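Reader: I have a model open on my screen and would like to walk through it with you. Could we take it one question at a time?

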Amino acid sequence: MQTLKILFRKLEFQAFIAGLAFMIFSWPILTILEPMRNGLVFYYFFVAWGLVIVCLLLIAISHRPLDSGMAPKSEPRD
């Protein structure tokens, strides 16, 4: 799990995910699906958006600070 957090924190991997998301919604890919207009395009968009959302969720989770389960220490006031 720790290796996945490290992977999702890397800027290069995040750029790869953004490029992949851009590619799956690009014009050439969508024209391949044009002859199959019987609802397949709807499922394609649903699955593609789901994958993008899951990747964004994993990136956001990897940037969270580690929670040790302990309450934060309060600083003494003068």
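Reader: Let's begin with Ala60: is Ala60 buried, partly exposed or exposed?

Author: Happy to help, and please keep in mind that this is a predicted model. Ala60 sits in helix α4. Its relative accessibility is 46%. Buried means under 20% and exposed means over 50%, so Ala60 counts as partly exposed.

Reader: How far apart in space are Ala60 and Lys5, C-alpha to C-alpha?

Author: In sequence, Ala60 and Lys5 are 55 residues apart. From C-alpha to C-alpha, the distance in space between Ala60 and Lys5 is 9.8 Å.

Reader: Staying in the same neighbourhood, is Ser62 buried or exposed?

Author: Ser62 belongs to helix α4. Leaving aside neighbours within four places in sequence, Ser62 is in contact with Lys5, Phe8 and Arg9. The relative accessible area of Ser62 is 2% and the cut-off is under 20%, so Ser62 is buried.

Reader: Which backbone oxygen lies 2.8 Å from a polar atom of the Ser62 side chain?

Author: The side chain of Ser62 offers a polar atom here, and the distance is 2.8 Å. The oxygen in question is the backbone oxygen of Ile59.

Reader: Now the helices: are α1 and α2 roughly parallel or roughly perpendicular to each other?

Author: Helix α1 covers residues 2-9 and helix α2 covers residues 11-24, and their axes are 5 Å apart. The angle at which they pack is about 70 degrees. Angles of 65 to 115 degrees count as roughly perpendicular. Therefore α1 and α2 are, relative to each other, roughly perpendicular.

Reader: Which residues of α2 meet α1?

Author: On the α1 side, the contact involves Leu7, Phe8 and Arg9. By class, the contact of α1 with α2 has 4 nonpolar, 1 polar and 1 charged residues. The partners in α2 are Leu11, Phe13 and Gln14.

Reader: How far is the backbone oxygen of Phe8 from a polar atom of the Gln14 side chain?

Author: Gln14 is part of helix α2. Leaving aside neighbours within four places in sequence, the contacts of Gln14 are Phe8, Arg9, Ile59 and His63. From the backbone oxygen of Phe8 to a polar atom of the Gln14 side chain, the distance is 2.9 Å.

Reader: Finally, which residues make up the largest nonpolar core?

Author: This core has 5 residues in all, and α2 and α4 each supply at least two of them. One of its members, Cys55, is in contact with Phe8 and Ile17, leaving aside neighbours within four places in sequence. The full set is Phe8, Phe13, Ile17, Cys55 and Ile59.

Notes: Residues numbered from 1 in each chain as written. Predicted model: local features only at pLDDT ≥ 70, side-chain atom pairs only at ≥ 80, totals over all residues. Heavy atoms only, no water. Axes fitted to C-alpha atoms, helices over the stretch in contact; angles between N-to-C directions. Helix = DSSP H or I, 4+ residues; strand = E, 2+ residues; numbered from the N terminus. Parallel < 35°, antiparallel > 145°, perpendicular 65-115°, else oblique. Contact = heavy atoms within 4.5 Å. Nonpolar A, V, L, I, M, F, W, Y, C, P; charged D, E, K, R; others polar. Polar contact = N/O pair within 3.5 Å; in protein donor to acceptor, adjacent residues only side chain to side chain. Core = buried A, V, L, I, M, F, W, Y, C linked by side-chain atoms within 4.5 Å. Buried < 20%, exposed > 50% of the residue type's maximum accessible area, 1.4 Å probe, protein only.
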